[in-house]
Amino acid sequence: MSSRAAWPRISIGRFFVFAFLAFAVCFYGIPLLWLFIAGTRSEGSLFSDPPFTIGTWDVFVRTWTNLTTYNNFQIGTWAINSLIYSVGGVALSLIASIPAGYVLALSEFPGRKLILVVTLIAMITPSTAVVLPIFLEMNLLGLNNTYAGLVLATGFFPFGVYLAYIYFSSALPKGVMDSARVDGCNRFQLFTRIALPLARPIVALVAFFSFLANWSNYFLAFVLLSDDKLYNLPVGLTALVSGSGALSNLPANDVPIKKPEVILAAVLVVLPVFLVFIVAQRFVRSGMLSGAEKG
Amino acid sequence: MAAVELRDVKKSFGSVKVIDRIDLVIEKGEFVAFVGPSGSGKSTLLRMIAGLETVTAGDILIDGQDVTFAEPSDRGIAMVFQSYALYPHMNVYDNIAFNLRLSRFGKPEIDARVKEAARILRLDELLARSPAQLSGGQRQRVAIGRAIVRNPKVFLFDEPLSNLDAALRVQMRLEIERLHRELGTTMIYVTHDQVEAMTLADRIVALDEGKIQQVGRPLELYARPGNQFVAGFIGSPKMNFLPGSVVSTSGASAVLSLDADRNAMFERVLDGARPGAAVTIGARPETLSVFTSAEEVSAGMLTLPARIETMERLGNITFAYLDIGAPEMITVQIMGFSELSDQQDVVLGLRPDQLHVFNASGAAMTGVANA
């Protein structure tokens, strides 16, 4: 009797809800957990020990050294490249999409509906579908294999335009804009002094999604970049794997990149996204909610 | 020179006319209220004066200058919005100073003006706060402060008190009255609350369906409404309307009867009465009396048999709702407490000289106030 009282009573329905949630957490969380733990283990341990064995500090340091000394700290170059592409892409997409969404939401002009429809179509078109035309375009402009080429291509972010459009058309108080007009704001000042400061949550949200897309951008980068000095992390990771034969069961070679090194490289790819999310989530969450609440 | 002049102003959205041929002159220092029900066009007209809505036809002049196509900020106006419309990302000081900064005033000048506005509106303690930390009344005071620092030629108020609770509304009404007295600036005030219009305004512009129904001093509109709309809109509780007809005419005077009782006849001087024409008789609730029997009725009163449907006792005033067999209840205002009870059969007394008469198209046939 007393032991039963200690447990909160839950209905069968709730039990299944919790059971399903617990399953989902395990199903999606375990691979990530494994990834972070596996970076500390030796190749031998990966094969023979139980999956969640934690390796040693020495092994981790050796793996880290192998990875970072390979080809003159090539992974570092790729990480910096990734940062350049991502920050550049985020900046360009913000500069383009926030004002575009604002104008689409607040102005009436011929062709506005058409632009919205085209934006929507561009948004749902898989980005891989336009990789070839982008490649041809960049080739024509001589921007293949350059930082500017990939940044320019990733600055095209219709999803951001649409997010900003939704935000400005639903969450921007009309009275405040009218009041600013009476106070003497011209069209440009209306945007810079009133709309933009109020749109901080949506700027954070668009920046976050854009960063996410750019950081993990593989296919476009793979097609546009042929010089391995210009690779970003996802392309670099593939090059690392295929160049070293780490994941194929080839006969032993001299390249120090084995499975632990590749796993650690994968952690390097994933980690910044985690960090950015933790920093941005407060803004992102308020951005998602702000359309729903008044004032 | 007039402060604001509207000349044949029109506004349509597609084929829908929202504002239809409005001519109006507002003198310097005047406090004018635009009243009307929702959709009457009163807010649209105000926004047109502000420059926030385009004008389809006609001219708007402020201080003698044609501003029909001028930007809102070039019109010398300041506006207070129903939603307060404060900038949520700026504190009170910056909200009030925003316009002055845009106009490139020097820092000392801005500071002096903001402090002065804060003093007038008793906002001194709140200057560092953000709008989210203010109460409704405080926010509205900031909105007014933002307007007064500009020294505008005309203040425009768009239902500024309708988001406030009843007690605060009375207080802010007095503040606006004081402000008008202190500043002496022309003010145009849009409201659907006729108490605000009656108490604040020098003149009331009654609007309906985008047209001016009547312009006049508050009590003139109350005493001599130009048509049935104004008669019904000004005054609370609203005027009672009873169907009637013209029995006969002789010269300027006519004999009228109430449809509820053809024997209830009275004589009035009327414009354009024709024998047999249907009219609407208007009676303000406070001019009506309720008697328990026909013997009590004072001489010269018209009487109608009635039954009390329900009573509302407010302490100082009692409202009786009477059924006289017409589709609408008759409201009677009785001062003080009343011994009458629900479902009691009574006699309704009307004073013929205080009745309003409207023709079939709603225009007043008795004397009309004109301004």
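**Close-up views of chain B and its contact with chain A**

**View 1. Glu5(B) has Leu61(B) as its bridge partner in strand E4 of chain B.** The model shown here and in the other views is predicted. Glu5(B) lies in strand E1, which covers residues 4-13 of chain B, and E4 covers residues 57-62. The two strands run antiparallel and are joined by five bridges.

**View 2. Strand E1 of chain B also pairs with strand E2, residues 16-26 of chain B.** Seven bridges link E1(B) to E2(B), and these strands run antiparallel. One of the bridge partners in E2(B) is Val16(B), which pairs with Phe13(B). The hairpin has two residues between the strands, and Gly14(B) takes a positive phi near 65°.

**View 3. Chain B meets chain A through 21 residues of chain B and 16 residues of chain A.** Between them the two chains bury about 1,600 Å², and 60% of this area is on carbon and sulfur atoms. Tyr87(B), His89(B) and Leu102(B) supply 32% of the area that chain B buries against chain A, more than any other three residues.

**View 4. Asp183(A) and Arg150(B) form a salt bridge across the interface.** Their closest N and O atoms are 3.8 Å apart. The interface of chain B and chain A holds two salt bridges and nine residue pairs in polar contact. On the side of chain B that touches chain A, strand E6 (77-80) and helix H2 (92-102) are the elements that give two or more residues. By class, this side of chain B has 13 nonpolar, five polar and three charged residues.

Conventions. Residues numbered from 1 in each chain as written. Chains lettered and ligands numbered in written order. Predicted model: local features only at pLDDT ≥ 70, side-chain atom pairs only at ≥ 80, totals over all residues. Heavy atoms only, no water. Pairing = 2+ DSSP bridges. Helix = DSSP H or I, 4+ residues; strand = E, 2+ residues; numbered from the N terminus. Contact = heavy atoms within 4.5 Å. Buried area = accessible area lost by both parts, 1.4 Å probe. Salt bridge = Lys/Arg side-chain N within 4 Å of Asp/Glu carboxyl O. Polar contact = N/O pair within 3.5 Å; in protein donor to acceptor, adjacent residues only side chain to side chain. Nonpolar A, V, L, I, M, F, W, Y, C, P; charged D, E, K, R; others polar.
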